[in-house]
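Please read the following report alongside the sequence and the model shown here. It treats the packing of helices and the arrangement of strands in turn.

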Amino acid sequence: MALTLVLAPPLPALAQDAAPRALEQLTPEIDALFAKFQADAHAPGLVYGIVKDSKLAYVKGIGVQNVTDKSAVTADSRFRIASMTKAFTALAILHLRDRGQLRLDDLAEDHIPEMKRWIYPTSDSPRIRIRDLLHHVGGFVTDDPWGDRQQVLPQADFTRMIAAGVPFSRIPQSQHEYSNFGYALLGRIVANASGMAYTDYVQRTILAPLGMTSSGFDVTKTPQAHYARGYRWENDAWAAEPEMIDGAFNSMGGLQVSANDYAKWVAFLLSAWPARDGADPGPVKRATVREMAQGLNFVTVANRIGASGATACKQAAAYAMGWRVAQDCDLGLTLAHGGGYPGYGSHVMLMPDHGVGVFALANRTYAGPSAPAWDSAVAMDRAGLLPGRAVPVTPAVADAFAAVRAAYAAGTLAPLDGKLAMNFLLDRSAANWAAELAKLKAAVGDCPTAEPLAPTGAMSASFRLNCAKGQLDGMLLLAPTNPATLQALRFRVVTP
């Protein structure tokens, strides 16, 4: 299978302000974004936060948590986060997998016996795996309006619902379709596999270890002084939504948090990047957290959320495990999820390449503050507040680059003797390489200096040589041999 090698410039490609600004200088702009959202969305109140460098770097509450007593929203106000709960459910499933209590490729019916009698849409339909539920490819119909109102469903009624079977929207594993019902099934799997209630498992394995003492699923126990009451906006007035007790659909959207608590969750997730040696204190392994960012190949092309979406380059997006994952030209890898619920709207977006997360919680039905969250991230990027993590230059790459420079200076491959993979001279003879090097030297002359290497991994790098009559861009790719050898080398004259 042929591989196209792209010469990536070793110099930064993103335009930013001339000098990085401090976050404090940017907060008035961020405040204006959320204030406009609150007014336009008729949200009684909201709280938003920025997690950076493993801590809550900025948080602000605006408006009221209760329209009757006019109590102000604070970082301790507790909001239901709706579908942002799904990430907790996904991590609980992965934690059980790590403990050997289930496998992602287990059939869901092996953990929920009531599913064994289901009638699938075709005789060749694959039976639903746990993995399919995580990625919303179980074949169920999109059920946001209906699913949101199932929060209060008793567990016994949910058991009967499962046993009765469901109509399918499509063949399982054939296409992504968002399903709250599917994540409710995951909650049942957590309970059956762990031997305890879903809420207890999340509390013991995630919330308590992270110190999220103000978070939970039973809103009836929330102190009124911190309770952000949920409202809808209709007939030009706020109307209180019914308070929904904890029930069988809690795993798809029932968690309640404060901003101070939720920041601990965001900081923990971000701490999984980059992969590294050293202590791995948990409560879930860093590698497991990073696994949540793996989409299931039903990739879509999407506009970035927010004001820059129309002009920014398109995102390649997929649903991973409790997260919508996208590659963004400016922000890098992003994990995001919204939450819509009777009385609440929320949004979170993480930028693991930069160790930064933005989240916002509002107390109006389906008022998800996604646009100001993403606009805040873009503003931070333009202000130079999202520096990328440097990829280290490995000894193998450094050694290969030194030999490549020596070969260019000599005009032959002799300095690369013993460092070439077996394919290298089969792909292009030494004589042709000598002719190519001579042609390059005629164009740009000797190249006495080089810009810092731009590694694209531990076994590859782009480079730029500064020459007498111009510059050369190039890339080198090592082979999976021990010791590492050079399997590919490319040069390109930089045109003015």
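## Packing around helix 7

In this predicted model, the buried residues of helix 7 pack against helix 2, helix 6 (180-194), helix 8 (250-253) and helix 9 (259-270). Helix 7 is mostly covered, with 7 of its 10 residues buried, and those residues are Y198, T199, Y201, V202, T205, I206 and L207. Viewed down the axis of helix 7, the buried residues fall within an arc of 155°, so they line one face of the helix.

## The contact of helix 2 with helix 7

The axes of helix 2 (residues 86-98) and helix 7 (residues 198-207) come within 10 Å and cross at roughly 80°. An angle from 65 to 115 degrees counts as roughly perpendicular, and helix 2 and helix 7 are therefore roughly perpendicular to each other. On the side of helix 2 the contact is made by F88, T89, L91, A92, H95 and L96, while helix 7 contributes Y198, Y201, V202, T205, I206 and L207. Sorted by class, this contact between helix 2 and helix 7 has 9 nonpolar and 3 polar residues, and no charged residues.

## The open sheet

The model also contains an open sheet of 8 strands, in the order 2-1-12-11-10-9-8-7, with antiparallel pairing. Its edge strands are strand 2 (55-63) and strand 7 (300-302), each of which pairs on one side only. Neighbouring strands of this sheet are turned against each other by 20° on average, with direction ignored.

Within the sheet, strand 10 (residues 332-341) and strand 11 (residues 344-351) pair in the antiparallel sense over 7 bridges, and G338 has H347 of strand 11 as its bridge partner. Helix 11 (residues 370-382) lies across strand 1 (45-52), strand 8 (315-319), strand 9 (324-328), strand 10, strand 11 and strand 12 (356-362), and runs at about 25° to strand 11.

## The surroundings of H337

Is H337, a residue of strand 10, buried or exposed? Buried means under 20% relative accessible area, and H337, at 8% relative accessibility, therefore counts as buried.

When its neighbours within four places in sequence are left aside, H337 is in contact with S83, M84, K86, Y178, Y319, G322, W323, R324, H347 and V348. Among these contacts of H337 is H347, the residue of strand 11 that is the bridge partner of G338.

Definitions and conventions:
Residues numbered from 1 in each chain as written. Predicted model: local features only at pLDDT ≥ 70, side-chain atom pairs only at ≥ 80, totals over all residues. Heavy atoms only, no water. Pairing = 2+ DSSP bridges. Helix = DSSP H or I, 4+ residues; strand = E, 2+ residues; numbered from the N terminus. Axes fitted to C-alpha atoms, helices over the stretch in contact; angles between N-to-C directions. Contact = heavy atoms within 4.5 Å. Parallel < 35°, antiparallel > 145°, perpendicular 65-115°, else oblique. Nonpolar A, V, L, I, M, F, W, Y, C, P; charged D, E, K, R; others polar. Buried < 20%, exposed > 50% of the residue type's maximum accessible area, 1.4 Å probe, protein only. Arc of directions from axis to C-beta.
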